[in-house]
Amino acid sequence: MPSDDTAPASEPQNPRIGRYVSTVAFDETVNAYVPPPLPPEPPLTLNPHLLQRLSEADRAIGRLDGVAMLLPDKALFLYMYVRKEAVLSSQIEGTQSTLDDLLQYENAALAGKPLDDITEVSNYVDAMMYGLGVLRDPKGLPLCLRLIRDMHSRLLQKGRGEAKNPGEFRRSQNWLGGTRPGNAHYVPPPVNEMETCLSDLERFLHDDYAQIPPLIKAGFLHVQFESIHPFLDGNGRLGRLLIALFLVEKKVLQEPLLYLSLYLKTHREQYYRLLQDVRLRGDWEAWTEFFLSGVAETANNAHESAMRIVALFQADRERISASGEQTNSMLRIHELLRTHPFLNAAQAQQKTGLSAPTVNKAFEALENLEIVKEITGKQRGRVFAYTEFLRILDSGTEVQAPPRQ
């Protein structure tokens, strides 16, 4: 049975609190939680403290959106930022991959077979870019249950999740934490109740009658999706992914550059506690304050990273131009390093059309300037890393998450 703090209350007075239904899972009778439909009733109390948090989050989002428009290569920043988010989101679920692992795997610069962890992160990138493409296609779908299923199919297409019904809502009971339903930390709604919850969620997603600020609505949607937990696997990653896509669809952001995984990873215990406080006490105010603080912090960090990357590229180009030797070939390889921060001579030769001797001399000159560093220690098949660029990108992805429960 659920622990004391998740035991069902008898006829809760607060209409924000869901209900518990008895269900059988793996020969055990357990109490599964069914969340009430959104929006919360009574409505969220926008007290002065919450209004301040909302204002701070709006300002931070505006700054991030503004710098995204000024970036000389928006596609490059999105390319790298999506990959960083994929790593962090997967780390929350227990994978041990780093951003360097993913970039090396994608670039095939280092030998080694693809690992399950790296495959899962690569799937996340694919799911995100697919969802973004559909939303931007004039003939595409809006953010809806069908698109969510399609993204889930890509999220679990290869690796450990491919046996967990990719692209299909669950047809059996699942649970979070614990070794079985009877000692689980949380049991989501049974399948029949889940289907109603999903219909209500989609209706809320498309209904703007309540005029809820998009940032607050994104926070509501995330909690509700986590509480419904409609898939056998991948719910956490997809629930975090939906935040960015929703804000792009609502034109709060032009590019999906707001990813909360680092914030949620850093504040993991508080995050899970606040989710449970919504379910048990209907405390949407505490959750919303936490969520908006995360939006502001994340947007400010992304803005700072964008500025540091732009400054780094400009400074390195100026150093290369002032070096006087191999300038043209060095600049061409530097341009390539911006999207391939792990690179070997054969790849550089193929992608730039430069000769092997020219490429080798350019790498040697870049290494002398300490822009790149050779990381294999070999004489042949050497791999060069754009070290300072990687250091900026890697921030926050170094700490390993605990094993998957």
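# A guided tour, starting at helix 10

Select helix 10, residues 268-281: at 1.5 Å a residue, its 14 residues should span 20 Å, and the C-alpha atoms at its ends are 20 Å apart, which agrees. Keep in mind as you look around that this is a predicted model.

**Stop 1: along helix 10**

Stay on helix 10 and colour its buried residues. They are R268, Y271, L274, L275, Q276, D277, V278, R279 and L280. Now step just past the helix. Helix 10 is followed by G282, which has a positive phi, near 70°.

**Stop 2: one side of helix 5**

Next, select helix 5, residues 145-155. Its buried residues are L145, L147, I148, M151, H152 and L155. Where do they sit around the axis of helix 5? They cover an arc of only 160°, which puts them on the same side of the helix. Try looking down the axis of helix 5 to see this arc for yourself.

**Stop 3: the hairpin**

Move to the start of the chain and select strand 1 (residues 19-25) together with strand 2 (residues 28-34). The two pair in the antiparallel sense, over 7 bridges. To follow the pairing, pick out two pairs of partners. S22 has N31 in strand 2 as its bridge partner, and V24 is partnered with T29 in strand 2.

Strand 1 and strand 2 form a hairpin, with 2 residues between them. Click on F26, which lies in the loop between strand 1 and strand 2. F26 has a positive phi of about 50° although it is not a glycine. Is F26 buried or exposed? Its relative accessible area is 62%, and since anything over 50% counts as exposed, F26 is exposed.

Now compare strand 2 itself. Of its 7 residues, 6 are buried, so strand 2 is largely enclosed by the rest of the structure. While you have a strand on screen, here is something to look for: in a regular strand the side chains alternate between the two faces of the sheet.

**Stop 4: two cis peptide bonds**

Follow the chain onward from strand 2 into the loop that leads to helix 1 (48-70). P39 is found in this loop, and the peptide bond from L38 to P39 is cis, with omega near 0°. P42 is also in the loop between strand 2 and helix 1. The peptide bond from E41 to P42 is cis too, with omega near -5°.

**Stop 5: a cavity between helices**

Time to look inside. Rolling a probe the size of a water molecule over the atoms shows where empty space is left. The count here comes to 5 cavities of 30 Å³ or more, and the largest cavity has a volume of about 110 Å³.

To find the largest cavity, select its lining: L143, I148, L201, L205, A218, L221, H222, F225, G239, L242, I243 and F246. Which elements give two or more residues to this lining? They are helix 6 (191-206), helix 7 (214-228) and helix 8 (235-249). You have already met I148, one of the lining residues, among the buried residues of helix 5. What kinds of residue make up the lining of the largest cavity? They divide into 10 nonpolar and 2 polar, with no charged residues.

Pause on G239, which is found in helix 8. G239 is buried, with a relative accessible area of 1%. Then draw a distance from G239 to Q224: the C-alpha atoms are 9.2 Å apart in space, and the two residues are 15 apart in sequence.

Before leaving, click on H229, in the loop between helix 7 and helix 8. H229 is another residue other than glycine with a positive phi, near 45°. Its relative accessibility is 10%, and because buried means under 20%, H229 counts as buried.

**Stop 6: an open sheet**

For the last stop, select strands 3, 4 and 5. These 3 strands form an open sheet in the order 3-5-4, with antiparallel pairing. The edge strands are strand 3 (342-344) and strand 4 (373-374), each of which pairs on one side only. Zoom in on strand 4 and strand 5 (residues 383-385), which pair in the antiparallel sense over 2 bridges. Show K373 here, and you will find it opposite A385 in strand 5.

Definitions and conventions. Residues numbered from 1 in each chain as written. Predicted model: local features only at pLDDT ≥ 70, side-chain atom pairs only at ≥ 80, totals over all residues. Heavy atoms only, no water. Pairing = 2+ DSSP bridges. Helix = DSSP H or I, 4+ residues; strand = E, 2+ residues; numbered from the N terminus. 1 Å grid on protein atoms, 1.4 Å probe; cavity = no way out; pocket = protein on both sides within 12 Å on 5 of 7 lines; lining within 4 Å. Points joined across faces, edges and corners; volume = space filled by probe spheres on them. Nonpolar A, V, L, I, M, F, W, Y, C, P; charged D, E, K, R; others polar. Expected span 1.5 Å × (residues − 1). Buried < 20%, exposed > 50% of the residue type's maximum accessible area, 1.4 Å probe, protein only. Arc of directions from axis to C-beta.
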